[in-house]
Amino acid sequence: MADWTDCLNFGISVAKQANCSVSVSAEKEVKLKSSPADLVTETDQRVEKILISAIRNKYPEHRFIGEESVAAGECLELTDCPTWIIDPIDGTVNFVHRFPFVAISIAFTVNKQTEFGIVYSCVEDKLYHAQRGRGAYLNGQPLHASGQEDVSKCVVVTEIGAERDDLALSTMTSNIFRLLKLPVHGVRALGTAAVDMCQVATGGADAYYHIGMHCWDIAASAIIVQEAGGVIMDTDGSEFDMMSRRVIAASSSSVALCIAQVIQDARADVSHSA
Ligand code: LIP
């Protein structure tokens, strides 16, 4: 079995170097992407270029999926080749507003399987990482999900998302409504999928779900949750597919399945009935 530890260590070093370019307090020029709440700054684009050029220099045969490269027109395709999946700033709205949760997220896949994930929560200076079969760590200390099996005792993290059309908003709010009615202990949103999911890996939250994010938001944190003993699945209860734009991360299968039963993906309902 190939050992990708050298790539992991290189990924950690470039994430730390790129972190120096993420100045939350600096003035930013903000542009809109797919919606009035889907933002990009010059820093997102610059950090992605720094990361990709450093990694490509060392591993010229590897492929890349980067949020800003895809936004600029590159193909979004996960192949069997060694591939780095990069979100240069997860939590761009937070970054723009100086809300202190922004992360560099880097995952590495081979044969479409994630070998490692790195999430650097820049303002908090917290570096999460996990390698397949070798555990999950926060600043070098092992991470363990809570193991909670009773959904009514859970803190659940989710996101509002960037979509603002009526169907997306009513689906998102009714999913939160149904969860609160279960009841759960609380629902939280930090504004970055990567850091949200890492809370499940730390045991600080018991579950996370989201519909509509992309592979670069969650690929790294998904393996961090799994290696911390948590569970990852699709929001319909099926096997997780990082390209499906749906995810549940949870402390246990029972909590994940319970959330899968409660939440709805109205877009899937529309497309199934069409
Ligand atoms: C954002 C996420 C956020 C999610 C948005 C978006 P970006 O990523 O992490 O939590 O709700 O849909 O994907 O655009 O800041 O990298």
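**Notebook: ligand shell, domains and helix α6**

I began with the shell around the ligand, where a residue counts as near if its C-beta atom, placed from the backbone, lies within 6 Å, and I found that domain 1 (5-142) and domain 2 (151-273) each contribute at least three residues to this shell. The model is predicted, so local features need pLDDT of at least 70 and side-chain atom pairs count only at pLDDT 80 or more, while totals for chains, interfaces and linings use all residues. Residues are numbered from 1 along each chain as its sequence is written.

I then listed the 14 residues around the ligand, among which Asp90, Thr92, Glu159, Ala193 and Asp217 come nearest. By class I noted three nonpolar, six polar and five charged residues in the shell, with Ala, Val, Leu, Ile, Met, Phe, Trp, Tyr, Cys and Pro taken as nonpolar, Asp, Glu, Lys and Arg as charged, and the others, Gly among them, as polar.

Next I looked up the two domains, whose bounds come from an automatic or database domain assignment, and read that their C-alpha centres lie 21 Å apart. Their contact (C-beta atoms, placed from the backbone, within 7 Å) takes 35 residues from domain 1 and 25 residues from domain 2. On the domain 1 side I recorded 20 nonpolar, ten polar and five charged residues.

Last I turned to helix α6 (residues 193-202), a DSSP run of H or I with at least four residues, numbered from the N terminus, and saw that nine of its ten residues are buried, meaning that 20 or more other C-beta atoms lie within 10 Å of a residue's own, these atoms being placed from the backbone. The buried residues include Ala193, Asp196 and Gln199. After α6 comes Gly203, with a positive phi near 85 degrees.

Key:
Contact = placed C-beta atoms within 7 Å. Buried ≥ 20, exposed ≤ 12 C-beta atoms within 10 Å, placed from the backbone. Helix = DSSP H or I, 4+ residues; strand = E, 2+ residues; numbered from the N terminus.
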